[in-house]
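Visitor: I would like a close look at one part of this model. Please start from a single residue and work outwards.

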Amino acid sequence: NRVEVLHGVNLDQLGRRDPAHYGSLTFEQLQYRIEEFGRELGLSLRFFQTNHEGEFVEHLHEIRDTADGIVLNPGAWTHYSYAIRDALELTELPAVEVHLSDVQAREAFRRHSVITDICVATVSGRGVDGYRDALNRLSEELQG
Ligand code: DQA
């Protein structure tokens, strides 16, 4: 199965962001780990990151026919971007939401996600391993 792993705004800055919330891996190291999880599960992964909301939306438009499922961490967009929500819904692909940090245990504005209800699962506060959980969950979903 073909899975798109999408990272939104500021995730390219991992390694410089608060390690108490996000761990100390750089974004490159994170992607490397996710790549390994994908290999273990026999999934073919493609990665995308942008700090531009419109680019994220357009990427979602494009993957509809080239992917079987989505793992996404939209960063702060999670909490307010109805544009990303609408574009995600338009893909009609199963998606799993991931957050490195425990968004329920931080500032109040992080407790709300505008995509949770259209995702098959949400993983939060498990750091890098959360991506393994997400890929596992998605792969179950894809096998029916
Ligand atoms: C995040 C949590 C968001 O609240 C935050 O804005 C991020 C990263 C996470 O992975 O924990 O940029 O999605």
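Visitor: Where does Val103 lie?

Guide: Val103 sits in the loop between β4 and β5. Helices and strands here are DSSP runs numbered from the N terminus, helices being H or I of at least four residues and strands E of at least two. Numbering starts from 1 along each chain as its sequence is written. The model is predicted: local features need pLDDT of at least 70, side-chain atom pairs count only at pLDDT 80 or more, and totals for chains, interfaces and linings use all residues.

Val103 counts as buried, with 20 C-beta neighbours inside 10 Å. The cut-offs are 20 or more other C-beta atoms within 10 Å for buried, 12 or fewer for exposed, and partly exposed in between, with C-beta atoms placed from the backbone. Leaving aside residues up to four places away in sequence, Val103 touches Arg110, Arg111 and Ser124. Contact means C-beta atoms, placed from the backbone, within 7 Å. Asp68 is another matter: Val103 and Asp68 are 35 residues apart in sequence and 27 Å apart in space, C-alpha to C-alpha.

Val103 is also one of the residues around the ligand. That shell further includes Asn10, Asn73, Gly75, Ala76, Thr78, His99, Leu100, Ser101 and Arg110. The test is a C-beta atom, placed from the backbone, within 6 Å of the molecule. By class the shell holds 3 nonpolar, 6 polar and 1 charged residues. Ala, Val, Leu, Ile, Met, Phe, Trp, Tyr, Cys and Pro count as nonpolar, Asp, Glu, Lys and Arg as charged, and the others, Gly among them, as polar.

Take Asn10 from that shell. It is in the loop between β1 and α1 (19–22). Its phi is near 75°, a positive value in a residue other than glycine. Asn10 is partly exposed, with 16 other C-beta atoms within 10 Å.

Back to β4 (95–99). All 5 of its 5 residues are buried, so the strand is largely enclosed by the rest of the structure. Ala95, Glu97 and His99 lie on one side, Val96 and Val98 on the other, and both faces are covered. β3 (69–73) joins β4 through 3 bridges, running parallel. Val71 stands opposite Val96.

Now the whole sheet. It is open and has 5 strands, in the order β2-β1-β3-β4-β5, with parallel pairing. β2 (44–49) and β5 (121–124) are the edges; each has a single partner strand, so one side of each lacks a neighbour in the sheet. Neighbouring strands are turned by 20° against each other on average, direction ignored. Two strands pair if DSSP finds at least two bridges between them. β1 (residues 2–7) and β2 run parallel, joined by 6 bridges. Phe48 is the bridge partner of Leu6.

Helix α5 (residues 129–143) lies across β1, β3, β4 and β5, at about 155° to β3. Axes are lines fitted to C-alpha atoms, for helices over the stretch in contact, and angles run from 0 to 180 degrees between N-to-C directions.

The loop that leads into β4 from α4 holds Glu92. Its phi is near 55°, positive in a residue other than glycine. Glu92 counts as exposed, with 8 C-beta neighbours inside 10 Å.

Terms used. Contact = placed C-beta atoms within 7 Å.
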